[in-house]
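Q: I have a model open on my screen and would like to learn how to read it. Can we go through it feature by feature?

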Amino acid sequence: QVQLVESGGGLVQAGGSLRLSCAASGSIFSITAMRWYRQAPGKQRELAAAITSGGSTYYADSVKGRFTIARDNAKNTVYLLMNSLKPEDTAVYYCNADVRSYEYITRSYWGQGTQVTVSS
């Protein structure tokens, strides 16, 4: 089994910064894509950023230029550095990873979510 544990959420004023971390542990042969989703109250979960094992990245238009996704493959950890935060960034942020087991089966796993609140 695989666990994803997020940390780094909290309350910050508009214009501030936060760094989220998500560490994967368990029976892991490799991890391909790692992603950060977010879900604001009353809205659907949306993909904020993603990164492949080779380092290629994707950003939603709403966060482009303000958020940076990075990963440490040796630590099976993905980060999300969020700068110039806005009240509309308030959401629960979820880590997601595509993990290949030693049996070469790939499954998608989710973290428990971490709350980010940006005050105006």
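A: Sure. Keep in mind that this is a predicted model. Let's start with two cysteines: C22 is buried, and C95 is buried too.

Q: What do C22 and C95 form?

A: The general idea: a disulfide is a covalent bond between the sulfur atoms of two cysteines. Here C22 and C95 form one, with their sulfur atoms 2.1 Å apart. C22 sits in strand β3 (residues 18–26) and C95 in strand β9, so the pair ties together parts that are 73 residues apart in sequence. The link of C22 and C95 is left-handed, with -80° about the S-S bond.

Q: How many bridges join β9 to β10?

A: First, some background: in a regular strand the side chains alternate between the two faces of the sheet. In this model, β9 (residues 91–100) and β10 (residues 106–110) run antiparallel and are joined by five bridges. R100, for instance, has T106 in β10 as its bridge partner. Five residues lie between the strands of this hairpin, and Y104 takes a positive phi near 60°.

Q: Is S101, in the loop between β9 and β10, buried or exposed?

A: S101 counts as buried because its relative accessibility is 10%, and the cut-off for buried is under 20%. S101 touches S27 and F29, leaving aside residues up to four places away in sequence.

Q: And pockets: what is the volume of the largest pocket?

A: Rolling a probe the size of a water molecule over the atoms shows where empty space is left. The largest pocket here has a volume of about 180 Å³. Its lining has six charged, four polar and two nonpolar residues, among them R38, E46, D89 and A91.

Notes: Residues are numbered from 1 along each chain as its sequence is written. This is a predicted model: local features need pLDDT of at least 70, side-chain atom pairs count only at pLDDT 80 or more; totals for chains, interfaces and linings use all residues. Side-chain values use heavy atoms; hydrogens and water are left out. Two strands pair if DSSP finds at least two bridges between them. Helices (H or I, at least four residues) and strands (E, at least two) are DSSP runs, numbered from the N terminus. Buried means under 20% relative accessible area, exposed over 50%, partly exposed in between (1.4 Å probe, protein chains only). Contact means heavy atoms within 4.5 Å. On a 1 Å grid over the protein atoms alone, a cavity is a set of points where a 1.4 Å probe fits but cannot get out, and a pocket is an open set with protein on both sides within 12 Å along at least five of seven lines; lining residues have an atom within 4 Å of a point. Grid points are joined across faces, edges and corners, and a volume is the space filled by probe spheres set on the points. Ala, Val, Leu, Ile, Met, Phe, Trp, Tyr, Cys and Pro count as nonpolar, Asp, Glu, Lys and Arg as charged, and the others, Gly among them, as polar. A disulfide is a pair of cysteine sulfur atoms within 2.5 Å.
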